[in-house]
Amino acid sequence: MEHDLRQGGVEIIKDSQNNVEIKVEWLKIPGGSFGGSWAARVKGKPIVVGRPLRISMMYYFGLEGLGSLDWDSEQNDDGITGPVHLSGSTPDLGGFNIRIEDGPNNRFTKHGGRAEDFKSRLGKTHYFGTDMPAGDVWKAKEYLYQHLGYRAQPTIMPYKDEPIKPDPAFVITMGNTIAKDSNFYAIQKTYDGAFSFDIVFDSHSAGTKTDSSAITHGIEAFVSRFDREFQSRFPTRHNAPQGELAFSKAITSNLMGGIGYFFGSSITDRAYKAEWDQDEDDEEDQTTAKPEPKLQPPRALLTATPSRSFFPR
């Protein structure tokens, strides 16, 4: 919807299968010696008001390279209530605190099959921490699926012959465990109805603490400023319909949001040839060519590739 690389952005995701419209608002907060702080507000509401909305939201943080990332909240086998706190430090970011905090009107999922058997875990935030090998943080989804499946199987087994099974919201949950020397942490919140929560990254060098009120005012100011600047730089015709302006802002924001800078090593197989790259007189057919993947030296890459669910940048 709106996106400025240096100030903030607003994104809307519509998931009709789960009857949820998710709105993500993020804000850059300048200050200090390490690029400042940032905050994101994630809000969800039903697309069709008459249909139920039950959803499990997961958010994770991972650290690779030098530095530390620590879990500062209490630990409890049944989950925790209140804000989630983490802290850490890296050479590029300096010291920082991270906070995940629920909005005032959230309702956690507490009703469903066999709810009484899981009452000690209901209405709480669940979590998982592990020591991930270097280079594996990008496999977060794989690790989380494995952890959730590992937990779900023994949880559901006692009910296999029972007519009433536990609600999936009570079974597919994180195990509330933190491994020694963890560098990866995931947080799970399961909501019933509309919801909102904030993720805040406060840089120590900035010397400020970002609260909910500051996020609200900051997002409102960003949206207003973005609208003024967009109209100034890309003026539309006087009688243009509102939908045309919204489309113009969205397509421009998508273009800017697809710009990314990457630096690092890659694995390249120069022996590989796609079918359309092969010559008719190639002596060796691609099906018999021996793969030769090799680690390449680190390089910089500036790209403007649109991000899609089936081809993430």
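**Architecture of the predicted model**

In helix α1, the buried residues are A140, Y143, L144, H147, L148, R151, A152 and T155. They lie on the same side of α1, because the arc they cover around the axis is only 155°. The opposite face, turned away from the buried side, carries exposed residues, namely E142, Y145, Q146, Y150, Q153 and P154. Helix α1 itself comprises residues 140–156, a run of 17 residues. From its first C-alpha to its last it reaches 24 Å, close to the 24 Å expected at 1.5 Å a residue. Five elements pack against the buried residues of α1: the strands β5 (54–62), β9 (126–130), β10 (177–178) and β11 (184–192), together with the helix α2 (168–171).

The structure described here is a predicted model. The chain contains 313 residues, of which 37% count as buried, and it holds 4 helices and 14 strands. Along its principal axes, the C-alpha trace spans about 70 × 60 × 45 Å. Among the contacts with a separation of 6 or more, 68% are accounted for by residues 24 or more positions apart.

The four strands that pack against α1 also appear together in an open sheet, with the order β5-β11-β9-β10 and mixed pairing. Strands β5 and β10 form the edges of this sheet, each pairing on one side only. Strands β5 and β11 run antiparallel and are joined by 9 bridges. Within this pairing, M58 stands opposite Q188 in β11.

A further antiparallel pairing links β6 (residues 68–71) to strand β7 (residues 84–90), over 4 bridges. The side chains of β6 alternate along the strand. L69 and W71 point to one face and are buried, whereas S68 and D70 point to the other face and are not. The buried L69 has G88 of β7 as its bridge partner.

Helix α4 covers residues 242–257 and has 16 residues. Its reach from first to last C-alpha is 22 Å, close to the 22 Å expected at 1.5 Å a residue. The buried residues in α4 are L245, S248, K249, A250, T252, S253 and G257. Their cover includes β1 (2–4), α3 and β13 (259–269).

Individual positions illustrate how segments separated in sequence are arranged in the model. A40 is placed in strand β4 (residues 37–45). With a relative accessibility of 8%, A40 falls under the 20% limit and therefore counts as buried. Leaving aside residues up to four places away in sequence, A40 touches E25, W26, F197, D198 and I199. One of these contacts, F197, is 157 residues from A40 along the chain, and the C-alpha atoms of the two residues are separated by 8.4 Å.

H204 is found in the loop between β12 (195–203) and α3 (212–233). Its relative accessibility of 45% lies between the limits of 20% and 50%, so H204 counts as partly exposed. H204 touches G95, F96 and N97, again not counting residues up to four places away in sequence. The C-alpha atoms of H204 and R228 are separated by 32 Å, while the two residues are 24 positions apart along the chain.

Two asparagines in loops have a positive phi, a value noted here in residues other than glycine. N19 occupies the loop between β2 (8–15) and β3 (20–29), and its phi is near 55°. This residue is buried, with a relative accessible area of 1%. For N176, phi is likewise near 55°, and the residue lies in the loop between α2 and β10. N176 has a relative accessible area of 3% and is also buried.

A search of the whole structure identifies 2 cavities of 30 Å³ or more. The volume of the largest cavity is about 110 Å³. Its lining is formed by F108, T109, F118, R121, L122, G123, K124, H126, A169, F170, T173 and T190.

Notes
Residues numbered from 1 in each chain as written. Predicted model: local features only at pLDDT ≥ 70, side-chain atom pairs only at ≥ 80, totals over all residues. Heavy atoms only, no water. Buried < 20%, exposed > 50% of the residue type's maximum accessible area, 1.4 Å probe, protein only. Helix = DSSP H or I, 4+ residues; strand = E, 2+ residues; numbered from the N terminus. Pairing = 2+ DSSP bridges. Expected span 1.5 Å × (residues − 1). Arc of directions from axis to C-beta. Contact = heavy atoms within 4.5 Å. 1 Å grid on protein atoms, 1.4 Å probe; cavity = no way out; pocket = protein on both sides within 12 Å on 5 of 7 lines; lining within 4 Å. Points joined across faces, edges and corners; volume = space filled by probe spheres on them.
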